[in-house]
Amino acid sequence: MKEVIIIGGGLVGGLTALLLAQGGVQAMVLDAAPILDESAVLKATNPRVLALSQATIHLLKKVNVWEKIARQMPYTGMQVWNKNGYGEINFGQESKTAPSAEQCLGSMVEPSILNLAIQQHMLMVVKDYRTQVKVIRVEKAVNCWIVKLADGTTLKTKLLIGADGANSFVREQAYIDVDVLDYKQAGLTCAIQTTQPHKHVARQIFLPTGPLAYLPMASLDQAQDGHWQSIVWTLPDDYAEEYANLDDAEFTALLTRESHHMLGEVVAATPRAKFPLKARAAQRYVTEGLALIGDAAHVIHPLAGQGVNIGCLDAAILCDVLLHDLERGVWANAQTLKRYEHQRKIQNEAMMHSMSAIGWLETSELFPVVWARNAGLKQVENQPLLKSRFMQQANGLAVLKNTRYAHSG
Ligand SMILES: Cc1cc2nc3c(=O)[nH]c(=O)nc-3n(C[C@H](O)[C@H](O)[C@H](O)COP(=O)(O)OP(=O)(O)OC[C@H]3O[C@@H](n4cnc5c(N)ncnc54)[C@H](O)[C@@H]3O)c2cc1C
């Protein structure tokens, strides 16, 4: 009988396994994806980046993954403005040179670069990490969960953690219902090169069709560093379809125009990817001997740029309560899991609801901006105290206070 099996070894599942290993608990990790080919990952530019919060970076440093990340682009400022002139809001400031750690609000990392670092570290630290695994059944038995694999293996575990993403098989097999809100929008993403440098500022413009974000990203060619961004353009489905099918010259010209030359001319774009936008909320995060974390528990509008960040906070809180109770001789009982659910579900849902309430055409790429928009860009811009309090909340570090992963800085 295993103490814990984690299904899903993405950032959230992987971080959980590494935090548990650090606390002396070896989890078995089962992932459907194959081992990544390092040279292929390093050679390719992803169409999108993840805006990692200070809390996520802090957790990745704790498990020694952060230093393995091959490329990333720190950002020191955020600028949001409205095409219709309702106002502008700025957080932090621009930085013409490589910023210091103190100046950074967070960092932009391509998902495949992040997954590569997590996977490489898991291969070293997690003793039973299996890739390309097909789980065909998960069922509850007395005091354990049974996991059946396509190769005929049957496993038993006292605790099962579902970290298997938005369409979680674990969630489905555990009969946990999920509320879904279809925004009928898509996020169009790709990497672009602009004539003007980003100066480490994440920018966002509200257009009548939805927000368009320029997120600074690291370039494959160092000579062009500072001029590449990943765009996330939230659009009604039909617009997204039309823009996805334009040729490159038409698309870059459209982007230059629609962005109001935000960073001069768009001179190059990589192939576009399109993500349908749906919010999902599991009705429960836990049941006897089972916990859901990350996108398996909640998928929020990517406009907030917080999806994986709140997933990493789930991982930290779950590991904290598990290890706390283990030190007292208790492993994953109902009260332990309930404490995890209590600490995370209300917070995550508050964020999801605020996103829906604002309305998707008026929401922003970055969570601080979503909040700011709620209060009115102009009023907020004039209240430095309010802005700084909000930034403290958005960086996620407050959630880690009073846990073993508290940030000492
Ligand atoms: C356009 C867009 C932009 C975004 N931007 C941001 C951003 O700026 N900041 C941010 O924080 N978030 C962002 N997000 C959200 C972020 O991508 C997700 O929240 C994050 O990837 C979820 O991580 P996860 O580990 O929970 O799930 P996933 O990354 O989906 O990982 C799930 C893992 O489970 C494995 N798996 C799945 N099913 C099975 C199975 N049956 N058996 C075994 N293994 C299985 C998969 O192989 C995978 O490794 C964005 C999302 C989109 C669509």
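**Close-up 1. N348, a buried side chain in helix α9.** In this predicted model, N348 has a relative accessible area of 2%, so with the cut-off for buried set at under 20%, this residue counts as buried. N348 sits in α9, the helix that runs over residues 334-358. Its side chain makes a polar contact of 2.8 Å with the side chain of R344. The two partners are four places apart in α9, and an α-helix has 3.6 residues a turn, so residues at that spacing point the same way. Look past the neighbours within four places in sequence and you'll find N348 in contact with Y285, H298, I310 and D314.

**Close-up 2. Polar atoms around the ligand.** Which residues come closest to the ligand? They are D31, A32, A51, D295 and V308, out of 28 that surround it. For the polar side of things, start with D31: an N or O atom in its side chain is 2.8 Å from a ligand oxygen. A51 joins in through its backbone, with a polar atom 2.8 Å from an oxygen atom of the ligand. G307 also uses a polar backbone atom, this time 3.3 Å from a ligand oxygen. On its own the ligand would expose 1,000 Å², and the protein buries 80% of that.

**Close-up 3. Where the shell around the ligand comes from.** Three elements give two or more residues each to the shell: α1 (11-22), β3 (50-52) and α8 (307-326). Of these, α8 supplies the largest share, three residues. By residue type, the shell splits into 14 nonpolar, 10 polar and four charged.

**Close-up 4. Helix α1, largely enclosed.** How far does α1 reach from its first C-alpha to its last? The 12 residues span 16 Å, close to the 16 Å expected at 1.5 Å a residue. Of those 12 residues, 11 are buried, so the rest of the structure largely encloses this helix. The buried set is L11, V12, G13, G14, L15, T16, A17, L18, L19, L20 and A21. Just after the helix comes G24, with a positive phi near 90 degrees.

**Close-up 5. What α1 packs against.** The buried residues of α1 have both strands and helices for company. On the strand side, they pack against β1 (2-7), β2 (28-30) and β11 (154-162). The helices they pack against are α3 (54-62), α4 (111-125) and α8. You've met α8 already: along with α1, it is among the elements that give two or more residues to the shell around the ligand.

Conventions:
Residues numbered from 1 in each chain as written. Predicted model: local features only at pLDDT ≥ 70, side-chain atom pairs only at ≥ 80, totals over all residues. Heavy atoms only, no water. Near = heavy atom within 4 Å. Polar contact = N/O pair within 3.5 Å; in protein donor to acceptor, adjacent residues only side chain to side chain. Areas by Shrake-Rupley, 256 points an atom, 1.4 Å probe, with all protein chains shown as cover. Helix = DSSP H or I, 4+ residues; strand = E, 2+ residues; numbered from the N terminus. Nonpolar A, V, L, I, M, F, W, Y, C, P; charged D, E, K, R; others polar. Buried < 20%, exposed > 50% of the residue type's maximum accessible area, 1.4 Å probe, protein only. Contact = heavy atoms within 4.5 Å. Expected span 1.5 Å × (residues − 1).
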